[in-house]
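Got your viewer open? Take this tour one selection at a time, and keep the sequence handy as you go.

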Amino acid sequence: SEGGAADRAERALGKLRVARSGPHAPRASGSSAAYDAASGRLALLGEGGALRVLELRRSLVGAGPGEGLGDRVQIAAVHDVLYDGDAVQGLEAHGLALSQGGQFCSIYGKARDSESGSPALICVDLAALARYRGRDASVKCKTVQLGASRLGSQRGLRVLRLRWHPRSTHHLAVLAEDSLTGQAVFQIYSVDQHHLIPEQEYSLHPDGRFGMGFMDYEDRRTHLSDFVFGPPVGWGCFTVLLLATSGAIFSLCPVAPFGAFFPRAEVAALREGGLEDEEAAAEAKVWLERAFPSEDLGPAAGLEVEVAPHALEGLAPALCGPFRALAEAPPESGKGPKALHLAMALSCHEGCVVLGTADTSSTVVAHVLVGDFRPQWADTAVDSIEKAGKTVALVCDCDVLHRGALSLLTLDTVALGEGDVAQKGGRAAPSAVPQLMVNPLEPGQLFCHHAEGVHAISLRWLEGLVEHLEEARASSEDAMDDARSDVSLRDLPAPHVSTLLQGTMM
């Protein structure tokens, strides 16, 4: 009955409200909920790191007399997850993420039972929930700590963002920052292989290197806050886009988890294509040969090819950026709102990707990232761990290169809230930090969940921009470049903003 469904929803969401009224979390764009469309699982964080997983199902229902059938999302089951394993007890959880297919749920925060509140990162295997499909139950799920060796030795490290890699069901990517030195690090964990250390770790230096690294207390100007993976085309498959609190955007390429699967056609095209720069082309060829051995790309190969464990001696991916702006941007202010979240739409045109950023004032900015994704390397030390002649883990420093083929065109700014929530009384609670996502069925639509509600933003200029670029490309490459930089804001329709849910969510 509808009343029973409402009661079940009320019960399922109860602990989430408790979490939102609790202590404020640190400056990290965490989320109290995560959803996986493939499995229909909705994971909710509660007080003390309690995890509740809802099974959501779509069903056809009568939409009313003469209106035919409609669809409704129903809660098929509610599972309270009991941690089984070496998970941190009394976890002060700050955020979570669900893997593709919904088998793994990763949670990060701090351990309350430790004197210094050491960082904690756990992974919960939700496979046991399958035995209780459609039935409410408390289920014991295998739980492991990730990076216990790394996090235990660097207690100032705090996790800023978790995302599961789109080409793997068992690779978790983590962006973290040392609260003492401001040093950012990007890590990749293989949750079904090695738990104590990350499979790959990249120390990021957006401001260049300071001192000797270990005792570096310089005041860093650039602080990274979020990341997304590039579009699934060309070198975009192996690109990570990173957002700074100033709104600047950087790229890291190439990055590929060991054992992940990528489209065979894209990899073959990269091996045959090459790059304009001879030195970069030679380095790219070596990397592709190490990551994708030739025998895996033969005629008998399937649609996807697996990444082999690899490391290039003395060469690490370079951090490129910040991207050159093609249009005038508002002046930056160190005391203004901080850009906390980054969302990316699918490629809307060859060499053109739509990006959205949201800051603590609930302002969403829409950009077009123009150019070709390309790998860049820097000469630096790369440490790798070998086992039975194979690379099982690598650690390297990624120096910044203030060059690249990508540019940034800012087209829209949409203010959804009033004031900067980060300045209204200490740190922002997890629910106050804006969450931005792209409608997978409509790349020109963004959803923003912020402190004052949920809004949908439709970028109505997207179709016209694509046509504009197509016409320019038909003329010449020079005309294409001019078209990218000369887009007039007056000629583009304003975005359409609709309110999906209104109300304070603190």
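Let's begin with a pair of residues: select Leu 446 and Ile 457, and you'll find Leu 446 standing opposite Ile 457, which sits in strand S29. Keep in mind that you're looking at a predicted model.

**Stop 1: a four-stranded sheet**

Now widen the selection to strand S28 (residues 445-450) and strand S29 (residues 453-458). The two pair in the antiparallel sense, over six bridges. In general, strands of a sheet pair through backbone hydrogen bonds, either parallel or antiparallel.

Add the rest of the sheet. In what order do its four strands run? The order is S27-S28-S29-S30, and this is an open sheet with antiparallel pairing. Look at its edges: strand S27 (435-438) and strand S30 (496-502) each have a single partner strand, so one side of each has no neighbour in the sheet. From one strand to the next, the twist averages 20°.

**Stop 2: helix H4**

Next, select residues 278-291, which make up helix H4. Try a little check here. With 14 residues at 1.5 Å a residue, H4 should span 20 Å, and its end C-alpha atoms are indeed 20 Å apart, so the two agree.

Which face of H4 is buried? Colour Ala 280, Glu 283, Ala 284, Trp 287, Leu 288 and Ala 291, as these are buried. Turn the view to look down the axis of H4: the buried residues fall within an arc of 135°, so they line one face of the helix. On the other side of H4, pick out Glu 278, Glu 279 and Lys 285, which are exposed.

What covers those buried residues? Show helix H3 (264-273), strand S17 (304-306), strand S18 (315-320) and strand S23 (377-379), which are among the elements doing the covering. Before you leave, zoom in on the start of H4, where a side-chain oxygen of Asp 277 comes to within 3.1 Å of the backbone nitrogen of Glu 279.

**Stop 3: one end of S17**

You've just shown S17, so click on Glu 306, which belongs to that strand. Is Glu 306 buried or partly exposed? At 39% relative accessibility, Glu 306 counts as partly exposed. Now select Arg 264 too: Glu 306 and Arg 264 are 42 residues apart in sequence, yet their C-alpha atoms are 8.9 Å apart in space.

**Stop 4: three loops worth a click**

Go to Pro 254, in the loop between strand S15 (249-253) and strand S16 (261-263). The peptide bond joining Cys 253 and Pro 254 is cis, with omega about 10°.

For another cis bond, pick Gly 321 and Pro 322: the peptide bond from one to the other has omega near 0°. Pro 322 is in the loop between S18 and strand S19 (324-325).

Then hop to Ser 362, in the loop between strand S21 (352-359) and strand S22 (363-370). Ser 362 isn't a glycine, but its phi is positive, about 60°. Ser 362 also counts as buried, at 2% relative accessibility.

**Stop 5: a buried histidine**

Finish with His 79 in strand S4 (residues 69-85). This residue is buried, with a relative accessible area of 0%. Which side chain does the side chain of His 79 make a polar contact with? Show Glu 55: the distance is 2.8 Å. Now bring up other residues in contact with His 79 from beyond four places in sequence, including Leu 51, Arg 52, Val 53, Leu 129, Tyr 132 and Arg 135. Add Ala 137 and Val 139, which are in contact with His 79 as well.

Key
Residues numbered from 1 in each chain as written. Predicted model: local features only at pLDDT ≥ 70, side-chain atom pairs only at ≥ 80, totals over all residues. Heavy atoms only, no water. Expected span 1.5 Å × (residues − 1). Buried < 20%, exposed > 50% of the residue type's maximum accessible area, 1.4 Å probe, protein only. Arc of directions from axis to C-beta. Contact = heavy atoms within 4.5 Å. Polar contact = N/O pair within 3.5 Å; in protein donor to acceptor, adjacent residues only side chain to side chain. Pairing = 2+ DSSP bridges. Axes fitted to C-alpha atoms, helices over the stretch in contact; angles between N-to-C directions.
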